[in-house]
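Visitor: Could you take me through one part of this model closely, and then follow its surroundings outward? I would like one connected account rather than a list.

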Amino acid sequence: MQELPTLLVLGDSISDGGWERDPSGMGSAWPAAAARLAQERGLPAFRWINRARGGSRSEEVLAAWNKLDFPAPDALVVM
């Protein structure tokens, strides 16, 4: 089975959605809704990783990118 391409989400509270407290790791913000909508519509699947943090500024988003603890994603969304 081929591994799904990875889509990483970085950003602030608009993307965070409490992903750290969510068993699925997605939270309740737009990334979870987008993943669910894509699945419902039969769009190409991604392995979604949400690492957004509420209150993050650009420099903190860049620092998060520089400290990834997994291989580089196939796609990145910063919001």
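Guide: In this predicted model, L10 touches S15, R51, A52, V61, A64, W65, L76, V77, V78 and M79, when residues up to four places away in sequence are not counted. One of these contacts, V61, also belongs with L10 to the largest nonpolar core, which is completed by L8, I49 and F70 and comes to 5 residues in all. Membership of that core implies that L10 is buried, because a nonpolar core is a set of buried residues joined through side-chain atoms within 4.5 Å.

L10 has a part in the largest pocket as well, since it is listed with R51, R53, A64 and K67 as the lining residues that lie nearest the pocket's centre. Of those, R51 and A64 are also among the residues that L10 touches. The volume of this largest pocket is about 250 Å³, and its lining consists of 14 residues. Sorted by class, the lining holds 7 nonpolar residues, 5 charged residues and 2 polar ones. The element that gives the most to the lining is helix 3, spanning residues 58–66, with 3 residues.

From the pocket one can follow R53 outward, as its side chain meets that of E20 in a salt bridge, with a distance of 2.9 Å from N to O. This pair links distant parts of the chain, 33 residues apart: R53 sits in the loop between strand 2 (47–50) and helix 3, whereas E20 sits in the loop between helix 1 (13–16) and helix 2 (30–40). The two partners fall into separate accessibility classes: R53 has a relative accessible area of 39% and is therefore partly exposed, while E20, with a relative accessible area of 55%, is exposed.

The salt bridge between R53 and E20 belongs to a total of 3, and the account can close with a network of salt bridges that links R57, E59 and E60. In that network, R57 pairs with E59, the closest N and O atoms being 2.9 Å apart, and the side chain of R57 also meets that of E60, here at 3.4 Å from N to O. E59 is exposed, because its relative accessible area of 55% lies over the 50% cut-off. E60, by contrast, has a relative accessibility of 33% and so counts as partly exposed.

Note on methods:
Residues are numbered from 1 along each chain as its sequence is written. This is a predicted model: local features need pLDDT of at least 70, side-chain atom pairs count only at pLDDT 80 or more; totals for chains, interfaces and linings use all residues. Side-chain values use heavy atoms; hydrogens and water are left out. On a 1 Å grid over the protein atoms alone, a cavity is a set of points where a 1.4 Å probe fits but cannot get out, and a pocket is an open set with protein on both sides within 12 Å along at least five of seven lines; lining residues have an atom within 4 Å of a point. Grid points are joined across faces, edges and corners, and a volume is the space filled by probe spheres set on the points. Helices (H or I, at least four residues) and strands (E, at least two) are DSSP runs, numbered from the N terminus. Ala, Val, Leu, Ile, Met, Phe, Trp, Tyr, Cys and Pro count as nonpolar, Asp, Glu, Lys and Arg as charged, and the others, Gly among them, as polar. A salt bridge is a side-chain nitrogen of Lys or Arg within 4 Å of a carboxyl oxygen of Asp or Glu. Buried means under 20% relative accessible area, exposed over 50%, partly exposed in between (1.4 Å probe, protein chains only). Contact means heavy atoms within 4.5 Å.
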